[in-house]
Amino acid sequence: MFDWPQIQTTAQMRATESAAMASGAVSGVQLMQRAGMAVAGQIRLRWPKPGRATVLCGPGNNGGDGYVIARHLHRAGWAVRVLGLDNTPGPDADAMKRDWRALGPIRPLTPQQMSAECDLVVDALFGTGLTRAPDGDIARILGWLQGHPSLPVVAVDCPSGLCMDSGRPLHAAAPRCQLTVAFDSLKPGHLLAQGPRLCGRLVIEDIGIAPWRDASTLHRATLHPGLNKVLGKQPDSHKYGSGHALIVAGGRGKGGAAQLAAQAALRIGAGLVTICPPDAALPEHAGAPWALMRQSIDDAADLSQTLADPRISAICLGPGCGVDRAAQLLPPLLASGRACVLDADALTALSEHPRALHANCVLTPHMGEFARLFPDLAQALNTPAKTGPALSKLHITRQAAARCGATVLLKGADTVMAAPDGQAAIHSAFDTPFLATAGAGDVLSGLIAGLLARGQTPVAAAALAATLHSAAARHIGPGLIADDIPQAIPRILRDLNV
Ligand SMILES: NC(=O)C1=CN([C@@H]2O[C@H](COP(=O)(O)OP(=O)(O)OC[C@H]3O[C@@H](n4cnc5c(N)ncnc54)[C@H](OP(=O)(O)O)[C@@H]3O)[C@@H](O)[C@H]2O)[C@H](O)CC1
Ligand SMILES: [K+]
């Protein structure tokens with residue numbers, strides 16, 4: 001999707017790594033050397049003056065990376081203490097352990113060996129192989145780190161104790177790291193749930209295994225310069241070439257939400273946008289923006305008649321609409337097969353009166369709305385995570401999309417969108433908490449409607465809209481009100497050279 005970075009699950013990472021090694025192009029030890037060297041390089045870049053490092057090496061290959069890191073930091077003049085286990089790790093990690101032993105001792109991996117007299121801790125305890133909550137001495141070390149929050153921790157691949165498939169900690173004391181250096185690809189856990197808070201600054205290092213990756217159906221939705229081609233228009237374009245979005249509005253005194261959606265659809269470049277309140281509320285929509293067209297829709301028959309115009313390419317139903325009105329308008333809307341966004345009151349109507357959806361629908365629930373539509377999935381996510389891979393927001397969104405046959409965008413600081421065929425994207429925006437404000441969701445629905453009108457596929461429209469929405473919010477910053485977001489879209493488009 002749009003050249004967005006691939007995200008790989010831990011199972012996919014293992015398969016990629018195995019395929020790379022099976023090809024004979026690279027060995028496990030070489031991969032470990034590259035991984036460890038990359039982390040040491042990132043540490044030296046950010047802490048140019050050599051100091052005192054404690055490297056915590058776990059029982060698997062993550063620990064193997066730790067021994068490589070220790071060796072490189074030692075060579076760069078750092079005073080390095082290594083804490084590791086006696087038991088034999090895999091052959092690659094064992095070889096790296098032996099190389100370190102030629103330079104320095106390995107102390108027991110116990111909390112008694114932890115000392116605040118150091119400048120940096122390297123967490124190479126567990127990576128993608130974590131299957132359960134750490135216990136015993138390792139759990140106590142994690143607790144010790146939690147008790148020393150001012151000590152910088154650099155995570156190798158991920159903070160230990162965090163499930164990389166879900167972003168859910170399997171242990172309450174998973175460390176809050178300053179820097180995480182991950183290998184080859186993002187994993188879902190870097191972007192979901194607690195992952196972003198625990199990872200700190202995230203750097204992905206290429207270790208040369210990209211050619212062996214399976215084509216992923218999961219991407220990170222993010223702003224990048226290539227989007228200018230997606231969002232740009234041809235010099236000879238005609239307004240109908242960019243589609244016609246219809247935004248259904250609610251009754252008297254309830255038109256604001258639809259206005260926000262309509263302005264967003266206009267700003268993102270739908271050729272025409274018409275706002276459709278019931279006749280009694282039409283006068284309330286008389287003012288600016290003058291680019292917006294108005295047409296009353298009173299009932300299902302009115303909507304059917306309006307949708308007879310094939311140039312209407314997307315409909316947004318739900319914001320400020322009223323549950324009864326949404327329930328009344330859903331049948332003709334769904335029967336038309338037209339691309340549509342179903343939000344707010346349309347989602348409540350759907351949860352009260354379930355209806356067959358189709359592949360051109362985008363549902364945009366927040367967690368509360370999702371729980372009303374898919375109670376079993378929401379409840380499963382609420383069950384504490386004890387083993388990895390733990391159930392994630394990604395899993396339940398994919399399951400919901402497959403079950404209802406429509407694209408589902410599950411909102412949050414980590415927004416997940418999934419299509420019924422499994423295509424999915426994660427947009428992680430933990431830096432825009434001020435987006436949790438009245439009307440912001442209506443703007444998101446309008447952006448999706450505008451992009452659907454312009455011909456984007458449902459999952460692409462949802463992922464692009466989520467990305468532009470948070471970019472616009474970031475541009476405005478704290479103090480933002482939802483009305484500001486559509487106004488900021490032109491600035492984001494200009495920055496993208498659209
Ligand atoms: N992907 C790549 O291309 C590369 C990855 N590298 C690094 O390798 C790790 C993944 O290594 P792996 O050995 O698969 O896993 P871990 O190091 O995370 O450790 C798993 C071992 O620990 C055991 N385990 C799991 N959970 C626990 C727990 N709670 N307590 C104790 N032990 C646990 C597990 O064994 P079990 O059979 O007991 O489950 C494993 O033995 C990756 O993250 C990268 O850092 C390469 O170095 C470079 C290429
Ligand atoms: K780690």
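## Thr-415 and its surroundings

Thr-415 touches Leu-409, Leu-410, His-427 and Ala-466, not counting residues up to four places away in sequence; a contact requires C-beta atoms, placed from the backbone, within 7 Å. The model is predicted: local features need pLDDT of at least 70 and side-chain atom pairs count only at pLDDT 80 or more, whereas totals for chains, interfaces and linings use all residues. Residues are numbered from 1 along each chain as its sequence is written, while chains are lettered from A and ligands numbered from 1 in the order in which they are written.

Thr-415 lies in strand S16 (helices, H or I of at least four residues, and strands, E of at least two, are DSSP runs numbered from the N terminus). With 27 other C-beta atoms within 10 Å, Thr-415 is buried; the term requires 20 or more such atoms, exposed means 12 or fewer, and partly exposed lies in between, with C-beta atoms placed from the backbone. Pro-331 is 84 residues from Thr-415 along the chain, and 28 Å separates their C-alpha atoms.

## Annotated binding site

Thr-415 is one of the positions to which an unreviewed UniProt entry assigns the feature "binding site"; the others are Lys-411, Gly-412, Ala-413, Asp-414 and Gly-441. These positions are spread over 31 residues of sequence, yet they cluster in space, with a largest C-alpha distance of 14.2 Å. UniProt positions follow the numbering used here, feature names are shortened, and annotations may be inferred rather than shown by experiment.

Lys-411 occupies the loop between strand S15 (407-410) and strand S16 (414-418). It counts as buried because 23 C-beta neighbours lie inside 10 Å. Beyond its neighbours within four places in sequence, Lys-411 is in contact with Thr-364, Pro-365, His-366 and Gly-441. Gly-441, in turn, belongs to helix H16 (residues 440-453) and is also buried, with 25 C-beta neighbours inside 10 Å. Residues up to four places away aside, Gly-441 touches Asp-343, Ala-344, Thr-364, His-366 and Lys-411. Thr-364 and His-366 are thus among the contacts of both Lys-411 and Gly-441.

## Overall fold

The protein chain contains 18 helices and 17 strands. Its radius of gyration is 26 Å, close to the 23 Å that the globule rule gives for 498 residues, so the chain is as compact as a globular protein of that length. The radius is taken over C-alpha atoms, and the rule is 2.2 Å times the number of residues to the power 0.38. Along the principal axes, the C-alpha atoms fill a box of roughly 80 × 45 × 45 Å.

Of the 498 residues, 52% count as buried. Among contacts with a separation of 6 or more, 72% involve residues 24 or more positions apart.

## Shell around ligand 1

Ligand 1 is surrounded by 28 residues, of which Gly-60, Asn-61, Asn-62, Gly-127 and Gly-129 come nearest (a residue is near a molecule or strand if its C-beta atom, placed from the backbone, lies within 6 Å of it). Helix H1 (10-22), helix H2 (28-46) and helix H3 (61-75) each contribute at least two residues to this shell. H3 supplies the largest share, five residues.

The shell comprises 13 nonpolar, ten polar and five charged residues. Here Ala, Val, Leu, Ile, Met, Phe, Trp, Tyr, Cys and Pro are nonpolar, Asp, Glu, Lys and Arg charged, and the others, Gly among them, polar.

## Domain arrangement

The chain is divided into domain 1 (10-220) and domain 2 (227-495), with bounds from an automatic or database domain assignment. The C-alpha centres of the two domains lie 40 Å apart. Their contact takes 21 residues from domain 1 and 18 residues from domain 2. On the side of domain 1 that touches domain 2, helix H6 (188-191), helix H7 (195-199) and strand S8 (218-220) each give two or more residues. The largest share of that side, three residues, is due to S8. By class, this side of domain 1 holds ten nonpolar, six polar and five charged residues.

## Backbone features

The model contains a cis peptide bond from Ala-288 to Pro-289, with omega near 5 degrees; Pro-289 sits in the loop between strand S10 (272-276) and strand S11 (293-294). Gly-388 and Pro-389 are likewise joined by a cis peptide bond, with omega about -10 degrees. Pro-389 is located in the loop between helix H14 (375-382) and helix H15 (393-404).

Asp-157, although not a glycine, has a positive phi of about 75 degrees. This residue is found in the loop between strand S5 (153-156) and strand S6 (179-183), and it is buried, with 29 other C-beta atoms within 10 Å. Ala-193 also has a positive phi, near 50 degrees. Ala-193 is placed in the loop between H6 and H7 and counts as buried, with 24 C-beta neighbours inside 10 Å.

Note on methods: Contact = placed C-beta atoms within 7 Å.
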